[in-house]
Amino acid sequence: MRTLVYRAGQADAGDRLDRWVARRSGGALSRSHVQKLIREGMVSVDGKVEDRPGAVVRFGVEVSISVPDPKPMRAVPEDIPLDVVYEDADILVVNKPRGLVVHPAPGNPAGTLVNAVLFRCGDLRGINDVLRPGIVHRLDKDTTGLMVVAKNGDAYGSLSKQIKDKGVLRLYLALVHGVVRNDMVIEEPIGRHPVHRKRMAVVPSGKPATTVVRVAEKFREHSLVECELKTGRTHQVRVHMSHVGHPVVGDRTYGGKKMPGLGGQALHAWRLCFRHPSDGRPLEFSVPPPSDFRNVLERLRRSSAVDNHTLRRDLE
């Protein structure tokens, strides 16, 4: 057990307790972790236990956080090949293949991206939590493309803050059913499906979610769109595109149909931009979709192209 003690300055007054503690910890504690500690009675304000994550911080108060020792690491290093796009002492940028789960969970206790990262990078204990060390954001199992992983606590804190402050550009390519006539902005809240709890849905009680959709190419019965995430909700692109009547090809969970030659859903995180957590320099990475995705696009271009936009030049 270790104890962290922080005193609130004048600029801190009025902030939420969970948010303020997570920020003051410099990334050592995620906000969800802080909320858990507060609810478990592990946080006190001026010597009195505070069990409300949303309690308002007052100027001059002393906040004490008791942090239990980390649980034994349940994810073990595994020699799984990674397509590394960039690596330095602080971060690792990888091109995730289809079928690779990001972190261990019931049903997928091993063989994940986390297992592969632990083998490549060594000890990442204490960065985020025991099952998701260094994981700043995630991609679904059948989504391909770019992910950045933090290799130390400072990098994790910086990248998490950039995502929270909408300072990270995340662009996806999606082949969807139907002809998307125009660019659009989808602003619909996303939460758990009221009946099918393993699925997400657009529901009034959900969290705010915004996806900017740009049309890249049109075909007779399909469209290639670029989706920019303004928020990072679970299954966001898949749910939003299905909600507007254009489900992702191959995404049978949300209404997509299989396509010959495509090994899974046609969703690829193709571009990722952020600032380096140590020196602040802008970093920009892009990777083309996997070969089966590209082959399907070429087949559609030959047989049913309707309209091509300028984005196509950037993808070739």
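## Around strand β8

Tyr172 sits opposite Ala269 in β14. That's a handy place to start in this predicted model, since β8 (169-177) and β14 (267-275) are joined by 6 bridges and run antiparallel.

β8 has another neighbour too: 7 bridges tie β8 to β13, again running antiparallel. One contact to look for here is Leu173, whose bridge partner in β13 is Glu226. With 8 of its 9 residues buried, β8 is largely enclosed by the rest of the structure.

## The cavity

How many cavities of 30 Å³ or more turn up? The count comes to 1, and the largest cavity holds about 30 Å³ of space. Its lining is made up of His137, Leu139, Leu146, Arg170, Leu171, Tyr172, Ala269, Arg271 and Leu272.

So which strands should you look at? β8 and β14 each supply at least two residues of that lining. Tyr172 and Ala269, the two that stand opposite each other across β8 and β14, are both among the lining residues. Sorted by class, the lining has 6 nonpolar, 1 polar and 2 charged residues.

## β12 and its partners

Moving along the sheet, β13 (residues 222-229) is joined to β12 by 7 bridges, and the two run antiparallel. They form a hairpin, with 2 residues between the strands. In this pairing Glu217 stands opposite Leu224 in β13.

β12 also pairs with strand β9 (residues 184-187), in the antiparallel sense and over 4 bridges. Here Ile186 has Thr211 in β12 as its bridge partner. Is β12 enclosed or open? Strand β12 (residues 210-219) has 9 of its 10 residues buried, so it is largely enclosed by the rest of the structure.

## Aromatic pairs

The model has 3 aromatic pairs. Tyr86 and Phe285 make up one of them, a tilted pair at 5.5 Å centre to centre with 45° between the planes. This pair links distant parts of the chain: Tyr86 belongs to strand β5 (residues 84-87) and Phe285 to strand β15 (residues 282-286), 199 residues apart. Tyr86 counts as partly exposed, at 21% relative accessibility, while Phe285 is buried, with a relative accessible area of 10%. The cut-off for buried is under 20%, so Tyr86 at 21% misses it.

Phe285 has a second ring partner. The centres of the Phe274 and Phe285 rings are 6.0 Å apart and their planes lie at 35°, so this pair is tilted as well. Phe274 is in strand β14 and Phe285 in strand β15, 11 residues apart. At 3% relative accessibility, Phe274 counts as buried. Put the ring pairs together and you get a cluster of Tyr86, Phe274 and Phe285.

## A lone cysteine

Right beside Phe274 in the numbering is Cys273, also buried, at 13% relative accessibility. Why does Cys273 have no bond to Cys227? The sulfur of Cys227 is the closest cysteine sulfur to that of Cys273, but at 16 Å it is too far for a bond. For scale, a disulfide needs the two sulfur atoms within 2.5 Å. Searching the whole structure gives 0 disulfides.

## Two helices

Helix α5 (residues 236-243) is mostly covered, with 6 of its 8 residues buried. Which ones are they? The buried residues of α5 are Gln236, Val237, Arg238, Val239, His240 and Met241. After α5 comes Gly245, which has a positive phi, near 90°.

Helix α4 (residues 153-164) is where you'll find Lys161. Lys161 counts as partly exposed, at 46% relative accessibility. Its C-alpha atom is 9.6 Å from that of Gly26, with the two positions 135 residues apart along the chain as the separation.

Key
Residues are numbered from 1 along each chain as its sequence is written. This is a predicted model: local features need pLDDT of at least 70, side-chain atom pairs count only at pLDDT 80 or more; totals for chains, interfaces and linings use all residues. Side-chain values use heavy atoms; hydrogens and water are left out. On a 1 Å grid over the protein atoms alone, a cavity is a set of points where a 1.4 Å probe fits but cannot get out, and a pocket is an open set with protein on both sides within 12 Å along at least five of seven lines; lining residues have an atom within 4 Å of a point. Grid points are joined across faces, edges and corners, and a volume is the space filled by probe spheres set on the points. Ala, Val, Leu, Ile, Met, Phe, Trp, Tyr, Cys and Pro count as nonpolar, Asp, Glu, Lys and Arg as charged, and the others, Gly among them, as polar. Buried means under 20% relative accessible area, exposed over 50%, partly exposed in between (1.4 Å probe, protein chains only). Two strands pair if DSSP finds at least two bridges between them. Rings of Phe, Tyr and Trp (its six-membered ring) pair if their centres lie within 6.5 Å; planes under 30 degrees apart count as stacked, over 60 as edge-to-face and the rest as tilted.
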